[in-house]
Amino acid sequence: MFSLHIFEALARFTAISSEFFTLSFLVFSINVLLTITGKVFRAGTITGKFYKTHLHHHTVRLLKITLQLIGLSCYALYKLTEYTYNHRREILSTLNTARHQVGNLFTYKSPAPATAPATAPAIQPFYHLATQLQTLTNAQIRQQFSLKARTRKTHLIAYALATV
């Protein structure tokens, strides 16, 4: 029976000590949270006072200047777009001219001979005949030389010269 009383006393002690431990842990946690909150509040007030006395004017001024620059940039972009749209044909021709000029810088131009080379005497009549045939139409060349083939003018002139 004595042991039963001891077990009851131990059970009560355990229940009371666990409640005491739980309550003391809750009080400790609340104390830690209050301490942290107080220190953060104190740091915030110090930082806020420093900001208000030293940085607020500069920050507001920087914000105003930034907003003005954004507005000015948007207006300039609008005007640039409007100008580009209104003068798109002139801009395109200028860009094409510049592109051709740059392209010509990278192409090889052989030096022109001082005088045109004289054609050989045997080729001279064929040359004059070929230049005369270039002024005629395809139908006229076919009719003049009795050619049946329908082909390009250069081929017709070659056939006509071969028949001479």
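## An all-helical chain, from surface to core

Read from start to end, the chain follows the pattern α-α-α-α-α. The model is a predicted one. Its secondary structure amounts to five helices and zero strands.

Begin with the chain as a whole. It has 164 residues, and 5% of them count as buried. The exposed surface comes to about 14800 Å². Carbon and sulfur atoms supply 70% of that area. Contacts tell a further part of the story. Take those between residues at least 6 apart in sequence: 21% of them join residues at least 24 apart.

Now turn to helix H1, which spans residues 2-86. Phe 25 has its place here. Phe 25 belongs to a nonpolar patch on the surface, together with Phe 28, Val 32, Ile 36 and Val 40. The five residues of the patch share about 490 Å² of accessible area. Phe 25 itself has a relative accessible area of 48%, so it ranks as partly exposed. The general tendency in soluble globular proteins is for nonpolar side chains to be buried together.

Charged pairs come next. The structure holds two salt bridges. In one, the side chains of Arg 12 and Glu 8 meet, at 3.8 Å from N to O. Why can these two be partners along a helix? They are four residues apart in H1, which means a separation of about one helical turn. An α-helix has 3.6 residues a turn, so residues three or four places apart point the same way. Arg 12 counts as exposed, because its relative accessibility is 55% and the cut-off is over 50%. Glu 8 is partly exposed, at 37%.

The other bridge pairs Lys 79 with Glu 82, whose closest N and O atoms are 3.3 Å apart. Both residues lie in helix H1. They are three residues apart, again about one turn of the helix. Lys 79 has 37% relative accessibility and counts as partly exposed. Glu 82 is partly exposed too, with a relative accessible area of 31%.

Move on to helix H4, residues 138-145. Which residues of H4 are buried? They are Ile 141, Arg 142 and Phe 145. These three cover an arc of only 95 degrees around the axis, so they sit on the same side of H4. Gln 143 and Gln 144 are exposed on the other side of the helix. Ser 146 follows H4. The phi of Ser 146 is positive, near 55 degrees.

The buried side of H4 leads to the core. Which residues make up the largest nonpolar core? There are five: Ala 130, Leu 133, Ile 141, Phe 145 and Ile 157. Helix H3 (124-134) supplies at least two of them, and so does H4. Ile 141 and Phe 145 are thus met twice: among the buried residues of H4, and as members of this core. Arg 142 is also buried in H4.

Set the two nonpolar groups side by side. The patch with Phe 25 and Val 40 lies on the surface. The set with Leu 133 and Ile 157 forms the largest nonpolar core.

Notes:
Residues numbered from 1 in each chain as written. Predicted model: local features only at pLDDT ≥ 70, side-chain atom pairs only at ≥ 80, totals over all residues. Heavy atoms only, no water. Helix = DSSP H or I, 4+ residues; strand = E, 2+ residues; numbered from the N terminus. Buried < 20%, exposed > 50% of the residue type's maximum accessible area, 1.4 Å probe, protein only. Contact = heavy atoms within 4.5 Å. Areas by Shrake-Rupley, 256 points an atom, 1.4 Å probe, with all protein chains shown as cover. Arc of directions from axis to C-beta. Patch = residues over 30% accessible without salt bridge, like charges linked within 9 Å, V, L, I, M, F, W, Y side chains within 5 Å. Salt bridge = Lys/Arg side-chain N within 4 Å of Asp/Glu carboxyl O. Core = buried A, V, L, I, M, F, W, Y, C linked by side-chain atoms within 4.5 Å.
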